[in-house]
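I opened a fresh page today to go through one chain from end to end. Below are my entries, in the order I made them.

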Amino acid sequence: QVQLVQSGGGLVQAGGSLRLSCAASGGFFRINNMDWYRQAPGKQRELVASITRAGSTNYADSVKGRFTISRDNAKNTVYLQMDSLKPEDAAVYYCAADVATTILRVVRYWGQGTQVTVSS
């Protein structure tokens, strides 16, 4: 059974930094794309950043230049470094991964979510 376990997050003042981690475990062939999403109260879940297995990245316009997504394929882990945090970045953050459970089957898995609170 594949699991994505998140760590990091918490409370930070505006302008501060936080780092989120998401580690995959269980039996699988390999992990393809890995993403970070966030959902604020009353809002839809939005894609924050994504990274391919080769390391190509994409970011939401709202976080470009402030957030950095990275991954360690040997550790099956994706990270989100969040700098210059703003109150509007406050949300529950979720990681997601496209996991090839076999060479022919890819399943989308989600982390448990972690709260990020930014005080003004």
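**Entry 1: a cut-off before I start.** I call a residue buried when its relative accessible area is under 20%, exposed when that value is over 50%, and partly exposed in between. I also remind myself that this is a predicted model.

**Entry 2: Ala91.** I put the cut-off to use straight away. Ala91 has 3% relative accessibility, so I count this residue as buried. I found Ala91 in strand β9. Setting aside residues up to four places away in sequence, I listed what Ala91 touches: Arg38, Gln39 and Ala40, and also Thr114, Gln115 and Val116. I then checked a pair of C-alpha atoms, and those of Ala91 and Tyr37 are separated by 9.5 Å, with their positions 54 residues apart along the chain.

**Entry 3: Val92.** I moved on to Val92, which also has its place in strand β9. Is Val92 buried or partly exposed? Its relative accessibility is 23%, so Val92 goes down as partly exposed. Beyond its neighbours within four places in sequence, I see Val92 in contact with Tyr37, Arg38 and Gln39, plus Gly113, Thr114 and Gln115. I also looked up Val92 and Gln13, which are 79 residues apart along the chain; their C-alpha atoms are separated by 16 Å.

**Entry 4: the whole chain.** Time to step back. I counted 11 strands and zero helices, so the order of elements from the N terminus is simply one β after another. Does the overall size suit a compact globule, or what radius of gyration would one have? For 120 residues a compact globule would come near 14 Å, and the chain has 14 Å, which agrees. I noted the span of the C-alpha trace along its principal axes as about 45 × 25 × 25 Å.

**Entry 5: contacts, burial and surface.** I find that 42% of the 120 residues are buried. Of the contacts with a separation of 6 or more, 54% link residues 24 or more positions apart. The accessible surface is about 6300 Å², and carbon and sulfur atoms hold 47% of that. I also looked at charge: there are 13 positive and 8 negative charges, and their mean positions lie 6 Å apart.

**Entry 6: the core.** Which residues have the most contacts inside the largest nonpolar core? I wrote down Trp36, Val48, Phe67, Val78, Leu80, Met82 and Tyr93, in a core of 31 residues. The elements that give two or more residues to this core are β3, β4, β5, β7, β8, β9, β10 and β11. Strand β9 gives the most, with five residues. I picked Met82 for a closer look: leaving out residues up to four places away in sequence, Met82 touches Gly16, Ser17, Leu18 and Leu20, then Arg66 and Phe67, and finally Tyr93 and Val116.

**Entry 7: two positive phi angles.** I finished in the loops. Asn76 is not a glycine, yet has a positive phi of about 55°. I found Asn76 in the loop between β7 and β8, and with a relative accessible area of 21% Asn76 is partly exposed. Ser84 is likewise not a glycine and has a positive phi of about 50°. Ser84 sits in the loop between β8 and β9, and at 39% relative accessibility I count Ser84 as partly exposed.

Technical notes
Residues are numbered from 1 along each chain as its sequence is written. This is a predicted model: local features need pLDDT of at least 70, side-chain atom pairs count only at pLDDT 80 or more; totals for chains, interfaces and linings use all residues. Side-chain values use heavy atoms; hydrogens and water are left out. Helices (H or I, at least four residues) and strands (E, at least two) are DSSP runs, numbered from the N terminus. The radius of gyration is taken over C-alpha atoms; the globule rule is 2.2 Å times the number of residues to the power 0.38. Buried means under 20% relative accessible area, exposed over 50%, partly exposed in between (1.4 Å probe, protein chains only). Contact means heavy atoms within 4.5 Å. Accessible areas come from the Shrake-Rupley method with a 1.4 Å probe; for residues, only the protein chains shown count as cover. Lys and Arg count as positive and Asp and Glu as negative; His and the chain ends are not counted. The place of a charge is taken as NZ of Lys, CZ of Arg, CG of Asp or CD of Glu. A nonpolar core is a set of buried Ala, Val, Leu, Ile, Met, Phe, Trp, Tyr and Cys residues joined through side-chain atoms within 4.5 Å.
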